[in-house]
Amino acid sequence: MCPDCRRDLAPLLPRCPGCALPLAPGLQRCHTCEHQPPPWETVVARVDFAHPWDAWIRALKSTGQPGLAGALAPLWLDDPAVPRLLERADRWLPIPLAPARLADRGYNQSWALMRALAAHTRVPPADAGVLQRAADAPVLHHLDRAARLAHAEHLFHVPAGAAARVQGRRVLIVDDVMTTGATLRAATRALRQAGAAAVDALVFARTPPPVE
């Protein structure tokens, strides 16, 4: 992507480190995250889930072209917060897909983004087997906010044999889109229960708040 398009279509915006929504000038965190901190320490999003990025991400997930991640992932490095997240992480891992969805798609788009980013910078050790998704868990993006939160309670787990790989470590979880945060909350909860010392999150896009 040429520099002009990067500037016009993917401007760097001040974002709340708690929810990754655009942040008003002069604030370190939004009022919601100030009073109700999320379970992760920091979440970074590169763009809004809006034109043209929503179409790119849908294409990455639905057209069988994991190579599209190669065009998206380098944009993360425009944000100086991303190298800092990578540098301080002991391990990074993708948000897993449901087994049936992974079998149908043939790849995890979050893992594809991680691999593409790793081609451009130093990254911590990756592990796609630590965090596992329940086989009967619903696909959350079809649900409204209340249903997402209700179904996220037992969405992920860390198998007993994998817990030692995160115990006492700072873990960075990676996903393509953050909508309500229910998925990241469930993943963070599972990792902390398995003994992770801290959890950060990196997403490519953040769904904007509703227009009032």
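# Notebook: cysteines, cores and salt bridges

I began with Cys-2, which is partly exposed, its relative accessible area being 38%. I keep in mind throughout that this is a predicted model.

**Entry on the cysteines.** I looked up which cysteine sulfur is closest to that of Cys-2, and found it in Cys-5 at 3.5 Å, too far for a bond. I then turned to Cys-30, which is buried, with a relative accessible area of 17%; its closest cysteine sulfur belongs to Cys-33 and is 3.6 Å away, again too far for a bond. Because a disulfide needs the two sulfur atoms within 2.5 Å, neither the pair Cys-2 and Cys-5 nor the pair Cys-30 and Cys-33 qualifies. The count of disulfides in the structure comes to 0.

**Entry on backbone geometry.** I noted a cis peptide bond from His-51 to Pro-52, with omega near 0°, and I placed Pro-52 in the loop between β1 (43–48) and α3 (53–62). I also noted that Ala-20, although not a glycine, has a positive phi of about 70°. Ala-20 sits in the loop between α1 (3–9) and α2 (31–35), and at 0% relative accessibility it counts as buried.

**Entry on strand β2.** I asked myself which way the side chains of β2 (residues 91–94) point. Arg-91 and Leu-93 point one way while Trp-92 and Pro-94 point the other, and all of these residues are buried. This fits the general pattern, in which side chains of a regular strand alternate between the two faces of the sheet. I next looked for the partner of β2 and found that 4 bridges join it to β5 (residues 170–178), the two strands running parallel. Within this pairing, Trp-92 stands opposite Leu-172 of β5.

**Entry on helix α7.** I checked how covered α7 (residues 109–118) is, and found it mostly covered, with 7 of its 10 residues buried. The buried residues are Gln-109, Ser-110, Ala-112, Leu-113, Met-114, Ala-116 and Leu-117. At the N-terminal end of α7, Asn-108 acts as a cap, with a side-chain oxygen 2.8 Å from the backbone nitrogen of Ser-110.

**Entry on the nonpolar cores.** I looked up the largest nonpolar core, which has 28 residues, and in which Trp-76, Leu-202 and Phe-204 have the most contacts. The elements giving two or more residues to this core are β1, α3, α4 (69–72), α5 (81–88), α7, β5 and β6 (198–206), and α7 gives the most, with 5 residues. I then followed Leu-202 outward, leaving aside its neighbours within four places in sequence, and found it in contact with Val-44, Trp-76, Val-82, Leu-85, Leu-117, Leu-172, Ile-173, Val-174 and Asp-175. A second, separate core has 27 residues, among them Phe-156, Val-158, Leu-191 and Ala-201.

I also looked at Ala-186, which lies in helix α9 (residues 182–193) and counts as buried at 4% relative accessibility. The C-alpha atoms of Ala-186 and Phe-156 are separated by 6.4 Å, with their positions 30 residues apart along the chain counted as the distance apart.

**Entry on the salt bridges.** How many salt bridges does the structure hold? I found 12 of them, and I examined some in turn.

Arg-15 and Asp-48 meet through their side chains in a salt bridge of 3.0 Å, N to O. This pair links distant parts of the chain, 33 residues apart, with Arg-15 in the loop between α1 and α2 and Asp-48 in strand β1. Arg-15 counts as buried at 15% relative accessibility, whereas Asp-48 is partly exposed, with a relative accessible area of 23%.

The side chains of Asp-127 and Arg-91 also meet in a salt bridge, at 3.5 Å, N to O. Here Asp-127 lies in the loop between α7 and β3 (132–133) and Arg-91 in strand β2, 36 residues apart, and I found both Asp-127 and Arg-91 buried.

I turned last to Arg-170 and Asp-200, whose side chains meet in a salt bridge of 2.8 Å, N to O. The pair joins strand β5, which holds Arg-170, to strand β6, which holds Asp-200, across 30 residues of chain. Arg-170 counts as buried at 18% relative accessibility, and Asp-200 is buried, with a relative accessible area of 1%. Salt bridges that share partners join this pair with Glu-41 and Arg-88 into one network.

Methods:
Residues are numbered from 1 along each chain as its sequence is written. This is a predicted model: local features need pLDDT of at least 70, side-chain atom pairs count only at pLDDT 80 or more; totals for chains, interfaces and linings use all residues. Side-chain values use heavy atoms; hydrogens and water are left out. Buried means under 20% relative accessible area, exposed over 50%, partly exposed in between (1.4 Å probe, protein chains only). Two strands pair if DSSP finds at least two bridges between them. A polar contact is a pair of N or O atoms within 3.5 Å; within protein, one must be able to donate a hydrogen and the other to accept it, and residues adjacent in sequence count only if both atoms are side-chain atoms. A nonpolar core is a set of buried Ala, Val, Leu, Ile, Met, Phe, Trp, Tyr and Cys residues joined through side-chain atoms within 4.5 Å. Contact means heavy atoms within 4.5 Å. A salt bridge is a side-chain nitrogen of Lys or Arg within 4 Å of a carboxyl oxygen of Asp or Glu.
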